[in-house]
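Colleague: I would like a close look at one part of this model. Please take a single helix and go through it slowly, then say a little about the side chains elsewhere.

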Amino acid sequence: METGFYVDYRAIFWYFNAMETCGICGGPDSKPYYGDDRRLLQCQKCGVVFLAPELIKFSPKDYYENARHYAEISENDYKVEQLRKIAKNYLKFLLRHVRPAGKLLDIGAHTGMFVEEAGKSGFKATGLEPNKFAASQMQKRDIPVICSSIEDFKCQESFNVITAFEIIEHLSNPMAMLEKMENLLSFNGYLALSVPNLDSYFAKRYALDWPGIDLEHLYYFSEKSLSEILKKLGFRIVAVKKFNYIDKSWGVKKICRYILGRERRNSFLSKSTTGSRLDAPKAGKIKDMTKNLLVGFAGLFGLDDSVLIVARKIV
């Protein structure tokens with residue numbers, strides 16, 4: 001009988017047996033990252049921050065394969081085009097350092113906008129997407145996709161470029177998956193990762209109210225901690241770019257509140273509780289110009305949320 005109550009025994013085992021053990025480096029010591037609040041813990045060895053195990057109420061693999069809210073975004077034309085703009089920004093930065101040729105694998109492709117744009121630029125691009133609904137939408141748009149998680153993905157060929165934008169913080173074992181990505185790359189291949197940046201301006205401004213904190217995010221990295229991990233795996237850091245979460249679909253007031261540190265939220269609500277706006281906002285030219293100026297201001301003064309790192313495999 002369906003009760004609606006799910007117990008993740010993996011999380012319970014982790015909590016009682018290895019609460020103070022880091023899943024990245026195995027370090028035995030951790031302490032609260034924000035004051036005495038034990039919802040986020042920081043490894044004292046590698047500096048990576050992780051969600052307290054008792055807060056993990058889902059099996060990540062099953063969750064991402066079936067989460068309906070990801071599909072709702074991929075079915076909404078307005079949201080898809082918004083994500084296309086983000087994809088173009090990522091691709092523009094990547095192309096400053098990587099020649100657009102060879103095979104590219106985009107892990108956690110979601111709507112497939114990056115895959116589509118990368119294909120247009122010259123890559124033989126394929127998306128890897130675990131969510132069956134989102135993968136189906138990609139197929140309907142004739143975007144190359146393999147419906148699989150990175151954990152289950154098996155492939156004998158190698159790739160010249162692997163991208164994973166806002167993905168590794170969701171993984172239950174990001175270190176193992178980074179090692180797998182390294183193995184899938186050809187020699188001198190490139191890895192491009194973006195993550196919420198725990199050392200960013202807005203992360204420091206908002207603390208536990210920061211949008212980068214989410215029950216889906218099991219691990220939290222800074223530019224420094226992620227760079228150190230990549231170097232240990234045999235990568236050389238090629239370039240770093242920082243972005244913010246300001247969405248032009250927001251109203252002018254909300255953008256202003258966010259920049260001023262007044263857009264508070266409860267970071268520890270489930271996605272089904274927080275909801276999301278999927279309709280296109282109605283805005284005139286003056287409002288659009290104002291939004292563009294505010295977004296430009298935030299970028300100019302380094303008001304960031306996330307970091308994108310491009311690294312090259314050298315061993």
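Modeller: What follows is a walk along one helix, then a few side-chain contacts. The model is predicted. The helix is α4, which runs over residues 77-94 and has 18 residues. At 1.5 Å a residue it should span 26 Å, and its end C-alpha atoms are 25 Å apart, so the two values agree. At the N-terminal end, Asn76 acts as a cap: one of its side-chain oxygens lies 3.2 Å from the backbone nitrogen of Tyr78. Several residues of α4 are buried, among them Lys79, Val80, Arg84, Ala87, Tyr90, Leu91 and Leu94. An α-helix has 3.6 residues a turn, so residues three or four places apart point the same way.

Now the contacts elsewhere. Glu216 is in the loop between α8 (201-206) and β9 (219-220). Why is Glu216 called buried? Because its relative accessible area is 3%, and the cut-off for buried is under 20%. The side chain of Glu216 also makes a polar contact, at 2.5 Å, with the side chain of Tyr63.

The aromatic rings come last. There are 14 aromatic pairs in the structure. In one of them, the ring centres of Trp250 and Tyr258 are 5.4 Å apart and the planes meet at 70°, so this pair is edge-to-face. Trp250 and Tyr258 are both buried. These two rings belong to a cluster, linked by ring pairs, that also includes Tyr201, Phe202 and Tyr206. Another ring, that of Phe133, has Arg68 over its face, 4.8 Å from the ring centre.

Terms used: Residues are numbered from 1 along each chain as its sequence is written. This is a predicted model: local features need pLDDT of at least 70, side-chain atom pairs count only at pLDDT 80 or more; totals for chains, interfaces and linings use all residues. Side-chain values use heavy atoms; hydrogens and water are left out. Helices (H or I, at least four residues) and strands (E, at least two) are DSSP runs, numbered from the N terminus. Buried means under 20% relative accessible area, exposed over 50%, partly exposed in between (1.4 Å probe, protein chains only). A polar contact is a pair of N or O atoms within 3.5 Å; within protein, one must be able to donate a hydrogen and the other to accept it, and residues adjacent in sequence count only if both atoms are side-chain atoms. The expected span of a helix is 1.5 Å times one less than its number of residues. Rings of Phe, Tyr and Trp (its six-membered ring) pair if their centres lie within 6.5 Å; planes under 30 degrees apart count as stacked, over 60 as edge-to-face and the rest as tilted. A charge sits over a ring if NZ of Lys or CZ of Arg is within 6 Å of the ring centre and within 35 degrees of the ring normal.
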